[in-house]
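Got the viewer open? Keep the selection box handy and follow along, one stop at a time.

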Amino acid sequence: MKVKLLLIKTYYSFPIQLLLLHFRKYQVLLVFWIILFSTINGGFAKVFGGDALFLAPEYLGKVNFYSTTLLGLATGMFIMSWQITTFILHTGRFKFLATTAQPFFKYCLNNSIIPILFTISILYKGWEYQRYEQLNTVPDTLLLAEGFICGVLLVFFFCFFYFFNADRNIGRRLEKRFGNPRNFLKTILKPTQEPDENALPVHNYFSSPWKIRRARNVDHYNKHYLDNILKQHHFAAIITVGCALVFLVILAYMMDYRVCRIPAGASVLIFFAFLIGVAGAYSYMLQTWSIPILLVILFGMNWMVEHDWLDNRNKAYGLNYRAKSQRPEYSVNALQQFFTKERAEADRESTLEILKRWRKKFPANEKPPLIVLNFSGGGSRSATWTVNVLQRLDSLLDGNLMNHTVLMTGASGGMLGASYFRELYYEQQQGKPIRLTDVKYADKISQDLLNSVFTAMAVNDFITPWRSFVLDKNRYAKDRGYAFEMQLNEHTDSVLNKKLKDYYLPEKTAEIPMLIWNATINADGRRLMISPQGISYLCAPEYLYPTRQVRDIDGVDFGQYFAAQDAMNLRITSAIRMCATFPYVLPNTFLPSNPIVDVMDAGIRDNFGQQTTLRYLYTFSKWINENTSEVVYIQVRDTRKNDISPIKKQKDLSDLLFEPLFTMQQHWSAMQDFDQDDLINYMEGYFPNKFHRIIFQYVPQKQDKAAALSWHLTSREKMDIATALDNPANQSAFDYVVKLLKRGAAVTGGNPAKER
């Protein structure tokens, strides 16, 4: 009997009733907790390094006491935002709170099951991560935990101090209103005839962390009086949300200062806190009108976007979007009329002159090996791997890698690393004191880019979307794309803060290799190819025996098609960003065409950059055969080739329901590999006995510990990427490249090292 009574009391206790209420009402607010719990436990966004954002937060490039304190502050803000929002939404069901001192504190204390579980989880997972992933010492790990706890407690103390004062102010207002205690008692003890249908039964509650009290029966109280007390607390809570909004706006305007770019995990938590707070305040103030007014707001915003009253679409920095009447038409017919065979032939001749100038760098009586480089997408993982591979190759070739290279192209993060390495080589050629193999350059390119992006997403894109900046008399939105480029320039000492036209002469004179950035046009899937040279010969297949009267345009030469929009003024960082626009992480870039089109990550069309390279090699195959000894086709990729997930032996219901929808996404890279392997097989026929495909691939030391596909790398991941250079397959590939270039002669017969 006692056990049954204890169970009943437990079930009707305030903490349990609140927990159950969260699952019965406003379940959308629990989605935020589910995402956070799943992320820190390695479920949600694991492949993108989501757990590292919370377990190893970086601030000013370091994981230390200050970075975890900032994460703790953001965690405290999120917890308090959730407490305030649910307090506003749910306290009407628990009227006994109005008769207690400090109702908000009592509510938070009893509503702490989920926050306590989350705090324990992040501390435990953080301990494991710092000890076994970051290889931190016990004292250092404890210091990080201390910073997190201090941050959380600081927010709690501030909020409860504010509400403690709010309680006192409410009491003073009541004294002024009723005058004397007798009038006061007459009013509040006058029962209300109407029943309270929303009230939920509560037997007991925590009045302090160490004391349990029985919940008072409030039937003899006036219902309107109790509602009035709670509403005044609700108003105080809404003021808190308003203060948080002001803080976010201030943070947005301070984004240009490095010290204000808080850890990415903290940005996510603040953004979640803002969403919860706004949703709660909105629902509380508008009640049943919330959905109709929300629809009106959405229709209004849609109308303003359609009529250009509200335009915060991301633009490519350097392009001129002002002269709308001069925008090129984007349609199949317009592309066919622009990219004619005559234009392609003129551009082909121009590039052929570049190849001839490249040939003059070598003795006339010796045919040099020719190198083309391809780089795969993959965020900072790929960028870091690319720089590591190029540094090792250049060292083994005694600094001659770029001399033998005629083309560099690829996708996403790989092109970030390639662009950086080529620029360092160019500065070295100009006499600057740069040692290409210096490890500091790999460290620079591997620095965090995600913090600034997520912070800008939280405070710029959603809180202050109207902010903009002026560059070359053009105005652009100050969004997460701007934050990405700004942070990239800081990491790389602004060596990539150049315009497209700055590379025209160095490429034209073959001082540096040609480099082509690719992106994917969302409207039709065509490639957007960005180069200071005319490359329209890459925009359509050149059939030896054409059977069609029109050209099949499958790409767009950015420099020529948008020449009237100052295409040559495009910032190099914008070209990199357009090439590496992973969905939602970075904003789609809109181009000044008619109609407007936007572009995304090159990896959607070709994650390895091979299609552009193969068409280039085919176009100049005759000249290459006559003037070179070898065609060394090097692919630098951040994933294992043919790395296909094992097939499930048994399938569950979710597999049967969702596999048909997502099979393309799951096998996208593998399908690109299969298709391009077939094309490369045909390419070998155009370069008999001289075509050598060599692959450098990042293979983690532990399969389940691969570096994340993200713009953020942990210390262990950086070490793992560098160590991958020494695995047997990559060592064999390095040896083969050195062998090909140092002997400078054709390789005959079937060499087992031909593809590695």
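Helices (H or I, at least four residues) and strands (E, at least two) are DSSP runs, numbered from the N terminus. The model is predicted, so local features need pLDDT of at least 70 and side-chain atom pairs count only at pLDDT 80 or more, while totals for chains, interfaces and linings use all residues. Residues are numbered from 1 along each chain as its sequence is written, and side-chain values use heavy atoms, with hydrogens and water left out.

**Whole protein**

Start with a cartoon view: there are 30 helices and 14 strands. Now colour by burial, where buried means under 20% relative accessible area, exposed over 50%, and partly exposed in between (1.4 Å probe, protein chains only). Of the 756 residues, 54% come out buried. Switch on a surface and you are looking at about 35,100 Å² of accessible area, 60% of it belonging to carbon and sulfur atoms; such areas come from the Shrake-Rupley method with a 1.4 Å probe, and for residues only the protein chains shown count as cover. As for contacts (heavy atoms within 4.5 Å), residues 24 or more positions apart account for 79% of those with a separation of 6 or more.

**The cores**

Next, select Leu-528, Phe-558, Leu-617 and Phe-696. In the largest nonpolar core, which has 170 residues, these four touch the most other members. A nonpolar core here is a set of buried Ala, Val, Leu, Ile, Met, Phe, Trp, Tyr and Cys residues joined through side-chain atoms within 4.5 Å. Add helix α11 (residues 264-286), which gives this core the most, 10 residues. Both domain 1 (1-287) and domain 2 (332-545 + 562-640 + 668-743) supply at least three residues to this core; the domain bounds come from an automatic or database domain assignment. Then pick Met-80, Phe-87, Phe-104 and Val-155, which are among the 11 residues of another core, apart from the largest one.

**Helix α20 and what follows**

Select 480-491. Helix α20 has 12 residues and spans 16 Å from first C-alpha to last, close to the 16 Å expected, where the expected span is 1.5 Å times one less than the number of residues. How many of its residues are buried? The count is 11 of 12, including Arg-480, Tyr-482, Glu-485 and His-491. At the N-terminal end, show Asp-479 as sticks: this residue caps α20, with a side-chain oxygen 3.0 Å from the backbone nitrogen of Gly-481. That is a polar contact (a pair of N or O atoms within 3.5 Å; within protein, one must be able to donate a hydrogen and the other to accept it, and residues adjacent in sequence count only if both atoms are side-chain atoms).

Just past α20, Asp-493 takes a positive phi of about 60°. Ser-494, in the loop between α20 and α21 (504-508), also has a positive phi, near 60°, and is partly exposed at 38%.

**Two more backbone stops**

Jump to Asp-472, in the loop between β6 (468-471) and β7 (474-477). Its phi is near 50°. Most residues other than glycine have a negative phi, and most peptide bonds are trans. Now go to Pro-595, in the loop between β11 (589-591) and β12 (597-600): the peptide bond from Asn-594 to Pro-595 is cis, with omega near 0°.

**Last stop: Arg-551**

Find Arg-551 in the loop between β9 (527-530) and β10 (555-557). Is Arg-551 buried or exposed? It counts as buried because its relative accessibility is 14%. A polar atom of the Arg-551 side chain lies 2.8 Å from the backbone oxygen of Phe-339. Beyond neighbours within four places in sequence, its contacts include Gln-336, Ala-344, Ser-536 and Glu-542.
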